[in-house]
Amino acid sequence: MSSKSFAEVLEKIRTLEFKEEFDMIVAIANGGIIPAALLNQRLNIDIQLLKLNLRDASQRPLYDSPRLLEEIKFDVRGEKILLVEDRVKTGMTLNYARQLLAGAALVKTFAVNGKADYCLYDEACFRFPWIL
């Protein structure tokens with residue numbers, strides 16, 4: 001499996017052009033936490049966690065559909081949200097997360113790799129530089 005350097009990912013985040021302004025970043029935990037932290041450094045807006053699970057550490061599905069692991073503890077009504085995930089394969093988790101955030105004024109998606117409103121890469125799976 002190929003990989004990307006941390007510097008390469010940082011540069012792509014630094015130069016990514018956003019068409020909207022956002023009120024908050026919502027990271028799909030656990031995979032979206034590090035990309036959300038990097039985006040937080042750039043955009044300087046709050047991060048909230050949406051604790052969902054679909055796959056195990058080897059990217060094998062655990063369930064037929066994503067599961068909410070913990071109650072949502074933040075209010076999305078009227079907020080403009082950047083929803084962050086590390087890897088998007090089928091889009092099931094992002095679609096489920098969008099449903100959970102339905103009260104928001106706007107939800108745009110971000111993925112390090114895969115199909116999203118904003119993505120750094122859309123290619124075969126590769127190892128993220130922050131995975132130990």
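This text walks through the structure above, from the overall fold to single residues.

The model is predicted. Start with the whole chain. Its secondary structure comes to three helices and six strands. From the N terminus on, these elements run α-β-α-β-β-β-α-β-β. So how does the chain's radius of gyration agree with that of a compact globule? With 132 residues, such a globule would have a radius near 14 Å, and the chain has 14 Å, so the two agree. Along the principal axes, the C-alpha atoms fill a box of roughly 40 × 35 × 20 Å.

Next, look at what is hidden and what is not. Of the 132 residues, 39% count as buried. The accessible surface of the chain comes to about 7500 Å². Carbon and sulfur atoms account for 46% of that surface. Contacts also tell us how the chain folds back on itself. Take the contacts between residues at least 6 apart in sequence: 63% of them join residues at least 24 apart.

Now turn to helix H2, residues 33–43. Its buried residues are Pro-35, Ala-36, Leu-38, Leu-39 and Asn-40. What covers them? The cover includes helix H1 (6–15), along with E1, E2, E4 and E5. Leu-38 makes a good example from this helix. Its relative accessible area is 15%, and because the limit for buried is under 20%, Leu-38 counts as buried. Set aside its neighbours within four places in sequence. Leu-38 is then in contact with Phe-6, Leu-10, Ile-13 and Trp-130. Compare this with Gln-48, which is 10 residues from Leu-38 along the chain. The C-alpha atoms of Leu-38 and Gln-48 are separated by 14 Å.

The loops on either side of H2 hold two details of the backbone. Most residues other than glycine have a negative phi, and most peptide bonds are trans. Before H2, a cis peptide bond joins Ala-29 and Asn-30, with omega about 20°. Asn-30 lies in the loop between E1 and H2. After H2 comes Asn-44, whose phi is positive, near 55°. Asn-44 is not a glycine. Asn-44 lies in the loop between H2 and E2. Is Asn-44 buried or exposed? Its relative accessible area is 67%, so it is exposed.

Move on to helix H3, residues 92–100. Here Thr-93, Leu-94 and Ala-97 are buried. Seen down the axis of H3, these buried residues fall within an arc of 95°, so they line one face of the helix. Their cover includes four strands: E1 (24–29), E2 (46–53), E4 (80–87) and E5 (106–113).

Strand E5 brings us to Phe-110. At 0% relative accessibility, Phe-110 is buried. Leave out its neighbours within four places in sequence, and Phe-110 still has many partners. Among them are Ile-13, Leu-16, Pro-35, Leu-39, Val-84 and Tyr-118. Leu-39 shows how residues apart in sequence can meet. Phe-110 and Leu-39 are 71 residues apart along the chain, and their C-alpha atoms are separated by 9.8 Å. The two residues are in contact.

Last, follow the aromatic rings. A pair of such rings is described by the distance of the centres and the angle of the planes. How many aromatic pairs does a search of the whole structure find? It finds six. One pair is Phe-18 with Phe-22: the arrangement is edge-to-face, with 6.1 Å centre to centre and 90° between the planes. Both Phe-18 and Phe-22 are buried. Phe-126 and Phe-128 also form an edge-to-face pair, with 5.4 Å centre to centre and 80° between the planes. Phe-126 is buried, at 0% relative accessibility. Phe-128 is buried too, with a relative accessible area of 3%.

Some of these rings gather in a group. Phe-6, Tyr-121, Phe-126, Phe-128 and Trp-130 form one aromatic cluster. Phe-6 and Trp-130 have appeared before, as contacts of Leu-38 in H2. Two lysines also meet rings of this cluster. The charged end of Lys-4 sits over the ring of Phe-126, 5.0 Å from its centre. Lys-12 lies over the face of Tyr-121, at 4.9 Å from the ring centre.

Terms used
Residues numbered from 1 in each chain as written. Predicted model: local features only at pLDDT ≥ 70, side-chain atom pairs only at ≥ 80, totals over all residues. Heavy atoms only, no water. Buried < 20%, exposed > 50% of the residue type's maximum accessible area, 1.4 Å probe, protein only. Arc of directions from axis to C-beta. Contact = heavy atoms within 4.5 Å. Phe/Tyr/Trp six-rings, centres within 6.5 Å; stacked < 30°, edge-to-face > 60°. Lys NZ or Arg CZ within 6 Å of the ring centre and 35° of its normal. Rg over C-alpha atoms; globule rule 2.2 N^0.38 Å. Areas by Shrake-Rupley, 256 points an atom, 1.4 Å probe, with all protein chains shown as cover.
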